[in-house]
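This briefing is meant for a reader who wants to set up calculations on the complex and needs its ligand sites and chain descriptors in one place. The points below are grouped by topic and begin with a local backbone feature.

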Amino acid sequence: MPNIVVLVKQVPDTYSERKLSDTDHTLDRDSADAVLDEINERAIEEALQIKEAHDGEVTVLSVGPDRATDAIRKALSMGADKAVHVVDDALHGSDILQTAKVLAAAIGTVEDVDLVIAGNESSDGSGGAVPAILAELLGYPQLTHVREVTVDGSTVKVTRETEEGLTHLEASLPAVISVGEKINEPRYPSFKGIMAAKKKPVETLDVSDLGVDAGDVGLANAWSTVVEAAPKPPREAGQRVEDDGDGGSRIAEYLVGQKLI
Amino acid sequence: MAEVLVLVDHVDGEVKKVTNELLTAGRALGEPSAVVVGAPGDAAKLRESLAAYGAAKVYVAESDDAAGYLVTPKVDVLAALVATTSPAAVLVAASTEGKEVSGRLAARIGGALLVDAIDVDGGDGITVTQSVFGGAFVVKAKAAKGLPVISVRPGGLEAQAAQGAATEEAVEVPAVDPAKSAKITGREPIVGGDRPELTEASVVVSGGRGVGSAESFEVVEKLADVLGAAVGASRAAVDSGYYPAQFQVGQTGKTVSPQLYIALGISGAIQHRAGMQTSKTIIAVNKDAEAPIFEIADYGVVGDLFKVAPQLTEEVAKRKG
Ligand SMILES: Cc1cc2nc3c(=O)[nH]c(=O)nc-3n(C[C@H](O)[C@H](O)[C@H](O)COP(=O)(O)OP(=O)(O)OC[C@H]3O[C@@H](n4cnc5c(N)ncnc54)[C@H](O)[C@@H]3O)c2cc1C
Ligand SMILES: Nc1ncnc2c1ncn2[C@@H]1O[C@H](COP(=O)(O)O)[C@@H](O)[C@H]1O
């Protein structure tokens with residue numbers, strides 16, 4: 001009966017323009033639509049599949065501003081049982097390490113956790129590091145970037161997929177898993193699921209509830225600071241020609257002209 | 001000069017190109033010491049190449065466990081070396097594994113994590129340059145407190161050779177706690193044949209849904225092979241089963257920044273562009289004149305990729321003689 005915590009993050013929709021704020025170089029969350037990160041839907045799906053096979057309970061955890069409730073509701077409507085939402089103005093501008101510490105403290109509030117399931121990389125920060133850092137902080141094995149998971153008693157076996165190829169891993173529970181894009185196809189919330197989600201419990205916590213010092217989080221206390229940020233001038237379209245049967249040769253001439261071949 | 005620890009990225013007894021880039025970056029910050037974590041015998045095969053890119057020292061941390069568990073042995077070795085050498089910075093490749101190693105290391109030693117740098121600058125405190133949102137923003141960042149632990153994007157900066165002494169020094173691999181680590185029970189490395197790795201290649205030829213089938217990806221591969229290029233694919237091509245997932249370019253795939261990127265039958269969705277728009281030169285072939293890929297292409301041909309690509313392959317082959 002694994003108790004599973006799924007980490008979900010609300011991110012700016014990648015289809016809309018993403019910007020850094022002019023004042024403090026943090027993510028300008030108002031400039032873009034916010035959505036549940038697609039990779040997190042896959043994390044939820046995997047948690048639900050494990051639950052369906054072995055029973056247990058799925059808790060959704062998100063650290064983020066008020067409006068992250070939308071992402072949490074979506075996770076609940078897919079079938080997660082309950083949620084923890086850490087929201088605190090003091091968190092604004094927190095870096096990866098600070099966020100991971102808050103997540104670790106929040107995971108500590110959930111009883112008897114067997115599995116923490118996250119996305120492998122968020123589409124806004126793209127740190128690709130939070131799950132590994134959580135494993136470090138929690139003292140759990142990390143089984144990250146996986147495309148296949150099997151839980152068998154207190155053992156978890158996965159296939160990890162990276163630029164190196166496939167790696168087969170095995171560890172004991174409790175453990176941290178991060179899922180890759182090819183692991184599953186997330187289900188759509190059903191109408192029933194959407195209605196049920198409205199009644200599911202969402203616990204809201206601030207940093208003091210977690211025993212985290214507000215002086216350790218947020219932009220002013222981050223381990224790293226942005227000293228400068230500038231939008232890169234957009235790329236300009238170059239030449240475009242119609243293929244008149246000589247398109248390949250014309251590219252070759254262009255490449256020769258650019259000394260690329 | 002301050003010591004800078006560089007975690008060596010290696011596979012099959014050879015350093016990856018990014019290791020040379022890391023050593024080059026290390027020289028901008030101080031004196032680079034290469035750290036080899038691997039199976040017994042690995043370091044001996046790498047030493048010469050590490051010397052050629054300026055490694056003053058080579059710390060050799062070898063054991064069966066070092067190669068038998070995921071990520072944690074590397075973090076353990078680096079943390080121990082940070083304690084004994086008090087380096088100015090630690091540099092790790094911003095590969096999938098390197099991002100994890102650097103994140104855990106920073107958490108463990110109370111260091112400042114600076115991710116995915118495309119350049120590093122010594123001078124008055126260490127500053128890194130990062131390219132975010134798929135290259136839409138360029139950011140400079142610094143450590144506010146703690147030791148800078150920096151991951152450096154493969155291909156982000158150019159490697160420059162420089163002779164180093166590469167004096168070897170054996171260090172112990174701390175014992176692995178199996179309750180806190182994942183054991184590696186098998187590996188299936190990518191059999192890329194003779195093609196360069198996607199993130200390291202100076203030329204990438206990618207195919208999209210327009211290629212139409214797994215069999216017709218041969219058209220993409222043939223062009224890649226005459227150019228000595230890596231093959232990439234859009235997510236639509238991967239999801240349609242035309243090409244394996246590890247070759248996906250884009251926001252949720254690999255970020256590439258080659259000298260030359262050729263997109264065949266790719267529409268150029270924002271998520272694809274996020275992974276390739278920092279390429280130096282972009283060529284696109286698409287039969288739809290309105291395809292957004294043309295907005296960022298230096299040279300675009302509106303036409304059928306099955307006519308244009310083979311002709312280009314032939315022309316390139318001819319010129320090579
Ligand atoms: C969260 C998220 C993450 C994503 N991550 C990625 C990612 O990492 N990488 C990625 O690539 N996409 C990603 N996508 C998907 C992206 O939005 C697009 O759907 C995808 O890039 C489209 O791939 P495509 O250009 O191959 O296919 P299409 O958009 O279908 O384009 C095919 C193109 O081929 C052309 N064509 C067809 N036949 C021919 C021919 N014979 N000759 C020449 N041209 C031809 C057509 O004109 C068309 O422009 C992501 C989407 C989301 C929501
Ligand atoms: N603020 C957050 N709240 C909840 N989960 C998060 C948060 N940040 C990161 N994560 C989780 O960690 C994964 C990887 O994120 P990252 O390391 O930032 O690329 C995400 O897909 C989430 O599952």
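In this predicted model, A:Gly79 follows directly after helix H2 of chain A and adopts a positive phi of about 140°. The helix that precedes A:Gly79 spans residues 69–78 of chain A, and its buried residues are A:Ala71, A:Ile72, A:Ala75, A:Leu76, A:Ser77 and A:Met78. An α-helix has 3.6 residues a turn, so residues three or four places apart point the same way.

**Chain A as a whole**

- The secondary structure of chain A consists of 6 helices and 13 strands, and its C-alpha atoms occupy a box of roughly 65 × 45 × 40 Å when the principal axes are used as the frame.
- Chain A has 261 residues, of which 52% are buried, while its accessible surface amounts to about 11600 Å², with 47% of that surface belonging to carbon and sulfur atoms.
- When contacts in chain A between residues at least 6 apart in sequence are considered, 72% of them join residues at least 24 apart.

**Ligand 2, with a shell described from chain A**

- Ligand 2 is surrounded by 20 residues, and the nearest of these are A:Leu7, A:Val63, A:Ser122, A:Gly128 and A:Val130.
- Two of the polar contacts involve oxygen atoms of the ligand: an oxygen atom of ligand 2 lies 2.8 Å from a polar backbone atom of A:Leu7, and an oxygen atom of ligand 2 is likewise 2.8 Å from a polar backbone atom of A:Gly128.
- A nitrogen atom of ligand 2 is placed 3.4 Å from a polar backbone atom of A:Val8, and the protein buries 97% of the 480 Å² that ligand 2 exposes when taken alone.
- In chain A, helix H1 (38–54), strand S4 (57–63), helix H3 (96–107), strand S6 (115–119) and helix H4 (130–138) each contribute at least two residues to the shell around ligand 2, with the largest share, 3 residues, coming from S4(A).
- By class, the shell around ligand 2 contains 10 nonpolar, 8 polar and 2 charged residues.

**Ligand 1, between the chains**

- Ligand 1 is located between chains A and B, and of the 27 residues that surround it, the closest are B:Arg209, B:Ser234, B:Ser267, B:Gln271 and B:Asn286.
- On the side-chain level, an N or O atom of B:Ser234 is 2.5 Å from an oxygen atom of ligand 1, and a polar side-chain atom of B:Thr252 is 2.8 Å from a nitrogen atom of ligand 1.
- A backbone contact is also present, in which a polar backbone atom of B:Lys287 lies 3.1 Å from a nitrogen atom of ligand 1; on its own, ligand 1 has 990 Å² of accessible area, and the protein covers 84% of it.
- Helix H7 (235–239), helix H8 (270–273) and helix H9 (305–320) of chain B each provide at least two residues of the shell around ligand 1, and that shell divides by class into 7 nonpolar, 14 polar and 6 charged residues.

**Annotated region of chain B**

- According to an unreviewed UniProt entry, residues 4–189 of chain B are listed as "domain: Electron transfer flavoprotein alpha/beta-subunit N-terminal".
- Over residues 4–189 of chain B, the chain is 31% helix and 35% strand, and the C-alpha atoms at the two ends are 30 Å apart.

Note on methods: Residues numbered from 1 in each chain as written. Chains lettered and ligands numbered in written order. Predicted model: local features only at pLDDT ≥ 70, side-chain atom pairs only at ≥ 80, totals over all residues. Heavy atoms only, no water. Near = heavy atom within 4 Å. Polar contact = N/O pair within 3.5 Å; in protein donor to acceptor, adjacent residues only side chain to side chain. Areas by Shrake-Rupley, 256 points an atom, 1.4 Å probe, with all protein chains shown as cover. Helix = DSSP H or I, 4+ residues; strand = E, 2+ residues; numbered from the N terminus. Nonpolar A, V, L, I, M, F, W, Y, C, P; charged D, E, K, R; others polar. Buried < 20%, exposed > 50% of the residue type's maximum accessible area, 1.4 Å probe, protein only. Contact = heavy atoms within 4.5 Å. UniProt positions renumbered as here; feature names shortened; annotations may be inferred.
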